[in-house]
Amino acid sequence: MKLFCYTYGHNEIDLLPLKKKWCDYHGLTMRYFDNESTDGSKEWAESVNILAGEIESDGAFDLRLILPELNEDLKFENPDWFCMLGVDLFICPTSAIRLCDFIYTFGNDFDCLENKYANICFTGSESQDGDLRHFDRAAIKGEYSMAFDKYTLMVKNHESAFMAADKINIPAWWKPSQEAKDWWLINFGHTKSAAEREETFERRKLAWKRGLTEFAGAHYLTGSALDWTYPREGTISIAANPTLSLAHANLLKQIYE
């Protein structure tokens with residue numbers, strides 16, 4: 001069975017090795033598309049044989065140029081299951097189970113994974129040295145997180161399934177896994193430095209100027225207004241949420257041990 005993880009990025013050299021380790025743990029083939037990196041991301045990805053393509057966008061973070069490349073590769077490679085995750089985004093079970101084993105065992109009973117969503121946040125006191133273990137607070141749905149509290153980003157391959165902005169389009173009648181309903185999608189984008197976030201924001205603003213809908217990446221407006229530092233009162237302690245705490249701890253073991 002072929003299980004693919006599609007991801008793309010610009011200057012993600014700190015996180016790419018962690019994402020590769022996560023994919024290897026879960027039995028996923030990582031398909032990374034580089035978008036004009038200047039920090040060695042493309043070269044590193046090529047050296048470990050995960051570079052699936054190079055996307056030229058003339059300085060913009062433009063999903064209209066990125067997503068068609070991923071969907072074209074999906075049609076050509078035709079995996080049995082696939083997920084679409086940013087380099088800083090991970091599917092996190094509440095146990096040490098591997099995604100490939102879970103799908104091999106239970107995959108006939110469901111069509112997709114619908115998981116809760118959390119953004120791990122920099123609140124002003126944490127060290128931003130690239131070590132994700134320094135962060136212990138998260139935003140869950142709302143102003144400092146995403147529009148919805150659940151997302152479906154891993155699905156069975158189907159002729160009508162395709163990758164879109166922040167989601168995978170799937171048939172409305174598909175059944176999500178009940179066994180995975182308490183798993184989490186954990187995003188570390190809000191832990192990146194102000195310089196990193198500002199560069200990404202400028203690339204996204206250029207895409208907006210060229211016609212990309214401003215609904216794509218509206219959270220950058222909030223982050224910029226906060227100078228990329230999220231108020232503690234708008235976040236929760238990861239340890240205070242039982243399932244998030246388990247999922248987060250398992251993820252850190254998988255990528256650091």
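User: Is Asn 241 buried or exposed?
Analyst: Buried: in this predicted model, Asn 241 comes out at 18% relative accessibility. The cut-off for buried is under 20%, so Asn 241 counts as buried.

User: Where is Asn 241 found?
Analyst: In a loop, the one between β12 (236–237) and α7 (242–256).

User: And which side chain does Asn 241 make a polar contact with?
Analyst: That would be Thr 243, with 3.2 Å for the polar contact between the two side chains.

User: Leaving aside neighbours within four places in sequence, what is Asn 241 in contact with?
Analyst: Ile 140, Trp 184 and Ile 236. Trp 184 also turns up in strand β11 (residues 184–187), where it is buried on one side together with Ile 186.

User: OK, stay with β11. What's on the other side of that strand?
Analyst: Leu 185 and Asn 187, both buried too, so β11 is covered on both faces.

User: Which way does β11 pair with β5, parallel or antiparallel?
Analyst: Antiparallel, over 4 bridges. As an example from that pairing, Leu 89 has Asn 187 of β11 as its bridge partner.

User: And with β6, parallel or antiparallel?
Analyst: β6 and β11 run parallel in their pairing, again with 4 bridges. There, Lys 116 stands opposite Trp 184.

User: Switching to helices. Which residues of α4 are buried?
Analyst: Helix α4 covers residues 99–106, and its buried residues are Leu 99, Cys 100, Phe 102 and Ile 103. Looking down the axis of α4, they fall within an arc of 160°, so they line one face of the helix.

User: What do those buried residues pack against?
Analyst: Several elements: the strands β1 (3–9), β4 (81–84), β5 (89–92), β6 (112–120) and β8 (150–156), plus helix α1 (16–25).

User: Now pockets. How much space is in the largest one?
Analyst: About 760 Å³. It is lined by 38 residues, and the closest to its centre are Tyr 8, Phe 61, Gly 86, Asp 88 and Tyr 220.

User: Which element gives the most to that lining?
Analyst: α5, with 6 residues. For the range, α5 is 194–209. Elements that each supply at least two lining residues include β1, α3 (63–77), β6, β8 and α6 (219–225).

User: New topic: where does Met 30 sit, and is it buried or exposed?
Analyst: Met 30 is in strand β2 (residues 29–34), and at 5% relative accessibility it counts as buried.

User: How far is Met 30 from Cys 5, C-alpha to C-alpha?
Analyst: 4.9 Å, although the two are 25 residues apart along the chain.

User: What else does Met 30 touch?
Analyst: Not counting residues up to four places away in sequence, Met 30 touches Thr 7, Leu 16, Lys 19, Lys 20, Cys 23 and Ile 50 as well as Cys 5.

User: Last thing, backbone oddities. What's the phi of Asn 78?
Analyst: Positive, about 55°, although Asn 78 is not a glycine. Asn 78 lies in the loop between α3 and β4.

User: And what is the phi of Asp 227?
Analyst: Asp 227 has a positive phi of about 55°, and it isn't a glycine either. Its place is in the loop between α6 and β12.

User: Is Asp 227 buried or exposed?
Analyst: Exposed, with a relative accessible area of 52%. The cut-off for exposed is over 50%, so Asp 227 qualifies.

Methods: Residues are numbered from 1 along each chain as its sequence is written. This is a predicted model: local features need pLDDT of at least 70, side-chain atom pairs count only at pLDDT 80 or more; totals for chains, interfaces and linings use all residues. Side-chain values use heavy atoms; hydrogens and water are left out. Buried means under 20% relative accessible area, exposed over 50%, partly exposed in between (1.4 Å probe, protein chains only). A polar contact is a pair of N or O atoms within 3.5 Å; within protein, one must be able to donate a hydrogen and the other to accept it, and residues adjacent in sequence count only if both atoms are side-chain atoms. Contact means heavy atoms within 4.5 Å. The arc is that of the directions from the helix axis to the C-beta atoms. Two strands pair if DSSP finds at least two bridges between them. On a 1 Å grid over the protein atoms alone, a cavity is a set of points where a 1.4 Å probe fits but cannot get out, and a pocket is an open set with protein on both sides within 12 Å along at least five of seven lines; lining residues have an atom within 4 Å of a point. Grid points are joined across faces, edges and corners, and a volume is the space filled by probe spheres set on the points.
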